[in-house]
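These are my notebook entries on a structure that I am opening for the first time. I begin with the ligand and then turn to the core and a few single residues.

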Amino acid sequence: MKSLNTFLTDIYRRLLNHHGHQYWWPGESDVEIVVGAILTQGANWEAVSKSINLLKQNNLLNLESLRNVGDKQLAELIKASIYFNQKTKKIKAFAHHVFEKHNGDINNLLTQDKDSLRMELLSIYGIGEETADDIVLYSAQKPVFVIDNYTKRILNRIGISVENERYQTYQKLFMDNLDEDVSLFNEYHALLDEHAATICTKSNPFCEKCCLNDICLFGIKNIDI
Ligand code: SF4
């Protein structure tokens, strides 16, 4: 029987061969990555991208401007990314936090050790585990595996058993069985998201053309290999 490390590595290689490098996270600055991580909560990337572009056009993608902009104006600009009133509060809470605790210097926040950074991020209004880990991995470049519903869906369908549906359980599965490597975690998470968005879709997944179909319990049943 294959070890979990071999199995997870095999999945990674297949996804990489199939989809190629994803070059995540699409963001030109740490502030842009953080704002994108908040905006993507429950929203698709197309919508997030639209909001980010509007923020850029209005010269708002810096902490000082985000702290000072009116709630109404910010909400209007990020409208495409749904839950825009809540997300306005979240973005502003982040900007205020960095000014209060780090004198407005995002680098001062991000250069802490991984666990302290993660804990501090989780203490900020509107930042949950997935968003915190997006920031830790893609902005601070520290090795943490990001879990989302896409990842859970693929793992569950493949038949990798986890004790419960909790975020940490899935995260532990990857982090206990793969080398702690920022590039690997970056690419692996991006590939899982790409695969779930294009092949392993929520309903009617395209198992016939899936690169995992011979090792996936759902796929084997679905196409009767
Ligand atoms: S074989 Fe089907 S269910 Fe399994 S990972 Fe591929 S698309 Fe998803």
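Entry 1, the ligand. I looked up where the ligand sits, and it is in the largest cavity. Here a cavity is, on a 1 Å grid over the protein atoms alone, a set of points where a 1.4 Å probe fits but cannot get out, and a molecule sits in a cavity if more than half of its atoms lie within 2 Å of its grid points. I then listed the residues around the ligand, counting a residue as near if one of its heavy atoms lies within 4 Å, and found Arg157, Ile199, Cys200, Pro205, Cys207, Cys210, Asn213, Cys216, Phe218 and Gly219. This shell divides into seven nonpolar, two polar and one charged residue, where Ala, Val, Leu, Ile, Met, Phe, Trp, Tyr, Cys and Pro count as nonpolar, Asp, Glu, Lys and Arg as charged, and the others, Gly among them, as polar.

Entry 2, how to read the model. I note that this is a predicted model, in which local features need pLDDT of at least 70 and side-chain atom pairs count only at pLDDT 80 or more, while totals for chains, interfaces and linings use all residues. Residues are numbered from 1 along each chain as its sequence is written, and side-chain values use heavy atoms, with hydrogens and water left out.

Entry 3, the core. The largest nonpolar core has 71 residues, and those with the most contacts inside it are Phe94, Leu121, Phe174 and Tyr188; such a core is a set of buried Ala, Val, Leu, Ile, Met, Phe, Trp, Tyr and Cys residues joined through side-chain atoms within 4.5 Å. Helix H12 (residues 182-198) gives the most to this core, with eight residues; helices are DSSP runs (H or I, at least four residues) numbered from the N terminus. The core lies between domain 1 (4-22 + 146-223) and domain 2 (30-139), because both give residues to it; the domain bounds come from an automatic or database assignment.

Entry 4, single residues. For accessibility I used a 1.4 Å probe on protein chains only, with buried meaning under 20% relative accessible area, exposed over 50%, and partly exposed in between. Pro143, in the loop between helix H9 (129-139) and helix H10 (149-158), is buried at 18%. Lys101, found in helix H6 (residues 84-102), is exposed at 58%. Ile82 has a positive phi of about 45° although it is not a glycine, and at 36% Ile82 counts as partly exposed. Finally, I noted a cis peptide bond joining Trp24 and Trp25, with omega about 0°.

Key: On a 1 Å grid over the protein atoms alone, a cavity is a set of points where a 1.4 Å probe fits but cannot get out, and a pocket is an open set with protein on both sides within 12 Å along at least five of seven lines; lining residues have an atom within 4 Å of a point. Helices (H or I, at least four residues) and strands (E, at least two) are DSSP runs, numbered from the N terminus.
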